[in-house]
Amino acid sequence: MITLGNERLHESTYADLIGGRRVGLITNHSGVDHNLRSTADRLHACDACELVALFGPEHGVRGDAADGDRIASGRDPYTGVPVCSLYGDRLQPSTGMLEKLDVMLFDIQDVGARFYTYLYTMSLSMQACGAHDIPFVVLDRPNPLGGVRVAGNVLDPAFASFVGLHPISICHGLTIGELAVLFNHEYGLGADLSVVPMRGWNRSMQWEQTGLPWVAPSPNMPTMDTATVYPGTCLIEGTNLSEGRGTAKPFEQLGAPYVDGPRLAAELGDLALPGVLFRPLYFQPAFSKYAGDVCRGVQLHVVDRSVFEPVRTGLEVIAAVRRLWPAEFGWRTTSDDIYNFDRLAGTDRIRRQIDAGVPVASIQADWADELARFVRLRQSYLSYP
């Protein structure tokens with residue numbers, strides 16, 4: 001069993017980080033220890049410091065908001081501490097939000113994929129704290145996907161957004177603490193940064209080996225199975241396929257009313273993708289795309305997580321549907337005609353290649369050099385064996 005950063009924070013080695021200080025905490029419902037005790041609640045009860053403000057990312061401090069819902073500032077119902085929204089009118093702490101703080105802590109469970117907004121809540125908050133000379137402390141947690149595999153293209157800064165702010169690969173293979181150090185050093189955030197490291201974690205660990213209970217970091221991340229497929233099937237959000245939101249298996253069930261499930265399952269099965277099988281199915285989303293409509297498609301069953309390639313698999317699904325149902329398939333766009341897929345992919349190159357019928361293997365080969373450069377860069381920021 002590992003010891004989390006939020007548990008080690010209360011050890012004598014790290015007591016000076018919060019001792020006698022007015023503390024701010026960026027967190028949500030995933031910020032808990034092995035016994036599911038909330039970091040916010042523990043700090044509120046701690047005599048060594050004063051918890052003066054909580055900061056809520058997407059979904060809120062207590063995880064009560066749906067995907068994309070704007071978060072209002074207010075008071076935490078459990079501690080009574082003021083809550084400052086970082087997912088509403090602003091995405092970064094203001095001067096007024098920071099003026100009573102001596103130190104800012106960050107404790108949120110990441111899922112190991114570039115798209116997760118919590119990464120950029122952290123990055124923007126580090127930048128703001130740096131500008132106001134407020135130390136920033138990350139309480140480290142495991143990467144659920146492990147610390148070895150790095151996969152996918154590296155984001156083109158021209159496509160930076162709140163679902164991809166920095167040029168990292170889709171699967172980055174870093175802990176949230178390692179990412180914080182990389183962001184700070186490589187992208188000039190200027191934070192006075194400390195990381196409270198885990199004890200006992202190593203890069204090859206599966207989530208089940210950590211001894212941690214799975215707390216869904218966001219409403220559509222209910223299980224470790226979801227997190228496993230998410231780096232690839234999140235890309236389906238950028239198409240007119242349902243990615244399974246509104247069902248019990250988000251990101252594992254994929255399809256649309258126009259899809260023939262058995263045909264798609266056979267097409268994908270013929271590719272013999274490592275570690276995954278495809279089962280045809282019907283599903284009916286309760287909300288999101290095709291709410292109330294019957295969709296036909298496939299469910300991904302990951303049978304060997306150690307060899308499964310989520311990014312490749314997600315792209316193969318999209319390419320297969322684009323190939324089999326070209327008249328019905330479509331790319332989603334925003335109100336200002338930006339392709340949702342391009343924001344997630346961090347480039348328009350992949351969408352254009354899929355439209356041109358370029359095989360996924362060739363698409364992967366096209367980003368190999370940029371991925372290799374990121375792998376070399378990341379090597380300097382690995383804190384665990």
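This short presentation covers one helix, one sheet and a few individual residues of a predicted model.

Let me begin with helix α5, which spans residues 176–186. Eight of its 11 residues are buried, so the helix is largely enclosed by the rest of the structure. The buried positions are Ile176, Gly177, Glu178, Leu179, Ala180, Leu182, Phe183 and Asn184. As a general reminder, an α-helix has 3.6 residues a turn, so residues three or four places apart point the same way. What do the buried residues of α5 pack against? Their partners are three strands, β5 (103–107), β6 (136–139) and β9 (193–196), together with two helices, α4 (118–131) and α12 (368–379). Just after α5 comes Gly188, with a positive phi of about 60 degrees.

I turn now to the sheet. It is open and consists of three strands in the order β10-β12-β11, with antiparallel pairing. Strands β10 (253–256) and β11 (276–283) stand at the edges; each has a single partner strand, so one side of each is left without a neighbour in the sheet. From one strand to the next, the twist averages 25 degrees. Between β10 and β12 (residues 295–302), which run antiparallel, there are four bridges. Within this pairing, Gly255 has Gly297 of β12 as its bridge partner.

The next residue is Thr233, which belongs to helix α6 (residues 224–233). Is Thr233 buried or exposed? Its relative accessibility is 1%, and because the cut-off for a buried residue is under 20%, Thr233 counts as buried. Which residues does Thr233 contact, leaving aside its neighbours within four places in sequence? They are Glu243, Phe251, Leu254, Leu300 and Gly314. Of these contacts, Leu254 falls within β10 (253–256), and Leu300 falls within β12 (residues 295–302).

Phe251, another contact of Thr233, deserves separate mention. Phe251 is located in the loop between α6 and β10. At 1% relative accessibility, Phe251 counts as buried. Its phi is positive, at about 70 degrees, although the residue is not a glycine. Most residues other than glycine have a negative phi.

Finally, His59 also has a positive phi without being a glycine, here of about 80 degrees. Where does His59 lie? This residue is in the loop between β2 (50–56) and β3 (74–75). With a relative accessibility of 2%, His59 counts as buried.

Notes:
Residues numbered from 1 in each chain as written. Predicted model: local features only at pLDDT ≥ 70, side-chain atom pairs only at ≥ 80, totals over all residues. Heavy atoms only, no water. Buried < 20%, exposed > 50% of the residue type's maximum accessible area, 1.4 Å probe, protein only. Contact = heavy atoms within 4.5 Å. Pairing = 2+ DSSP bridges. Axes fitted to C-alpha atoms, helices over the stretch in contact; angles between N-to-C directions.
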